[in-house]
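Student: I am new to this structure and would like a close look at a single part of it. Could you take me through the aromatic rings that group together, and the pieces of chain around them?

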Amino acid sequence: MAELIIVGAGVVGLSCAWSAQRRGFQVTLVDRDFEGDRASHGNAGAIAVSECAPLNLSGLGLRPLRWLLDPLGPLAVRASHAPKLLPWFLALRKVAEPANYLRIANALAALNKRSLRDFEAVLADTGMGGDLHKRGALTVYETSQAFSGDAEEWRLKRALGVRWRSVDAAELQALEPNLAPVFQHSVMLEDWAHIDDPQRIVMGLRERVRALGAQFVTGSATSLNLGNASKPAVDLEGGQSVVGDKVVVAGGAWSARLAKTIGDRALLESERGYNTTLPASASLLNREVIFAEHKFVATPLAIGLRIGGAAEFAGLEAAPNYRRSDALLWLARKYLLGLDESNPTQWMGHRPATPDSLPVIGASPKNASVLYAFGHGHLGLTQSATTGELIGNILANEKTPIDMSPYAIERF
């Protein structure tokens with residue numbers, strides 16, 4: 001039985017483990033803290049199949065500058081981290097070129113078209129199918145100007161197979177009676193879904209791969225070791241090494257550090273996201289609502305209403321600034337009637353973001369026994385099962401159902 005080492009036990013790493021086990025691999029998972037908090041635990045809980053438009057600041061005029069000048073706005077860069085961000089930002093500027101933008105959007109859509117079906121297969125096997133709710137999502141706009149500004153993106157999404165429709169004020173009131181009556185335009189995303197609790201999904205999947213025979217090694221991975229080309233190893237702090245036939249790096253925002261140890265370059269940043277979960281407001285909404293102008297969302301999880309968003313670039317080491325969670329909650333008060341803020345829980349997590357919004361999935365050009373599965377940005381939960389399935393295809397030398405070249409690490 002071939003031995004597979006997976007670095008990272010978030011939802012992507014666990015999905016890779018589950019897929020590999022179904023193909024006969026003996027899996028060992030390496031993580032510094034299997035029970036600890038991670039981006040997989042605190043996300044908004046969305047299966048966001050419509051999100052096929054890459055991050056792109058072109059056409060927004062002075063809005064990004066105004067956001068940057070507001071330390072609690074939807075986009076922030078800490079001054080101490082700005083010099084390190086420059087290569088990433090320069091690559092981001094290229095996304096706006098029409099050919100690049102369309103190519104990236106098609107590659108995102110190729111993953112997302114499979115994502116709900118693949119995710120449902122994982123949930124069915126782990127006994128958590130009832131945790132998924134296919135009620136769509138609403139994107140709401142206060143002004144016609146903002147809605148018109150997104151018109152081209154909506155046209156692109158429809159052309160790529162996203163099902164959406166306009167919702168008038170009367171229907172919006174019927175669908176979500178606890179929204180303030182201030183929205184001039186609304187869009188229903190037909191195929192969007194959400195789950196009860198992201199952390200429960202991670203824990204359930206972890207126990208499933210454990211029951212299927214996975215081994216768990218607690219330790220911080222410091223480097224990949226190709227001293228024996230046919231038996232790649234993962235070196236850990238303290239001198240221990242874990243050796244296998246194949247290695248998958250699924251360490252989220254920390255993955256580029258490991259790739260660099262064998263000479264692979266990835267432009268990867270921690271796009272830090274913040275949220276607040278309000279247990280007493282869990283039933284305030286029926287589905288996820290995306291507030292277009294202010295770039296935040298509210299999701300009715302079983303554990304509470306989760307209000308999150310924003311993008312902060314401050315690196316992996318800086319302390320959280322929970323005033324950003326407070327700012328999101330302040331916005332929510334304006335738009336959600338009857339919000340009960342008792343017993344709130346604040347959270348910050350590291351989204352692993354590439355400048356072109358595409359994950360890194362596939363083999364290292366340095367050694368085909370090392371595979372990468374990271375960089376999913378806002379779509380880690382959405383694309384987790386599909387990423388696992390694609391990694392399983394590659395491990396088993398099966399034909400992948402989509403072209404994998406857009407996700408190769410060589411693109412950097």
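Tutor: In this predicted model, Phe 183, Phe 291, Phe 296 and Tyr 335 form one aromatic cluster. A search of the whole structure finds 11 aromatic pairs. Let's begin with one of them, Phe 183 with Tyr 335: the ring centres are 5.6 Å apart and the planes stand at 40°, so this pair is tilted. A tilted pair is one whose planes are neither under 30 degrees apart, which would be stacked, nor over 60, which would be edge-to-face.

Where do these two rings come from in the chain? Phe 183 sits in the loop between α8 (169-175) and β8 (185-189), while Tyr 335 belongs to helix α11 (residues 323-335), so their pairing ties together parts that are 152 residues apart in sequence. Are they buried or exposed? Phe 183 has a relative accessibility of 10% and counts as buried. Tyr 335 is buried too, at 2%. The cut-off behind that word is a relative accessible area under 20%.

For a second pair to set beside this one, look at Tyr 274 and Tyr 322, which meet edge-to-face, with 6.2 Å from centre to centre and 90° between the planes. Tyr 274 lies in strand β15 (residues 269-278) and Tyr 322 in the loop between β18 (304-313) and α11, so this pair ties together parts that are 48 residues apart in sequence. Tyr 274 is buried, with a relative accessible area of 1%, whereas Tyr 322 is partly exposed at 33%.

Now back to the cluster and its other two members, Phe 291 and Phe 296. Phe 291 is part of strand β16 (residues 288-291), and its bridge partner in β17 is Phe 296. Strand β17 covers residues 296-301 and runs antiparallel to β16, with 3 bridges joining the two. Together β16 and β17 make a hairpin with 4 residues between them. One residue of that turn, Lys 295, has a positive phi of about 60°.

Stay with β16 for a moment and follow its side chains. In a regular strand, side chains alternate between the two faces of the sheet. Here Val 289 and Phe 291 point one way, while Glu 288 and Ile 290 point the other way, and all of them are buried. Phe 291, then, is a buried residue of β16 that also takes part in the aromatic cluster.

Strand β16 has another partner as well: β6 (residues 137-141) runs parallel to β16, and 4 bridges join them. Within that pairing, Thr 139 has Ile 290 as its bridge partner in β16. So much for the strands around Phe 291.

To pull the picture together, the cluster takes Phe 183 from a loop and Tyr 335 from helix α11. It also includes Phe 291 and Phe 296, which are bridge partners across β16 and β17. If you want to trace this in the viewer, start at Phe 291 in β16, step across to Phe 296 in β17, and then look for the tilted rings of Phe 183 and Tyr 335.

How values were computed. Residues numbered from 1 in each chain as written. Predicted model: local features only at pLDDT ≥ 70, side-chain atom pairs only at ≥ 80, totals over all residues. Heavy atoms only, no water. Phe/Tyr/Trp six-rings, centres within 6.5 Å; stacked < 30°, edge-to-face > 60°. Buried < 20%, exposed > 50% of the residue type's maximum accessible area, 1.4 Å probe, protein only. Pairing = 2+ DSSP bridges.
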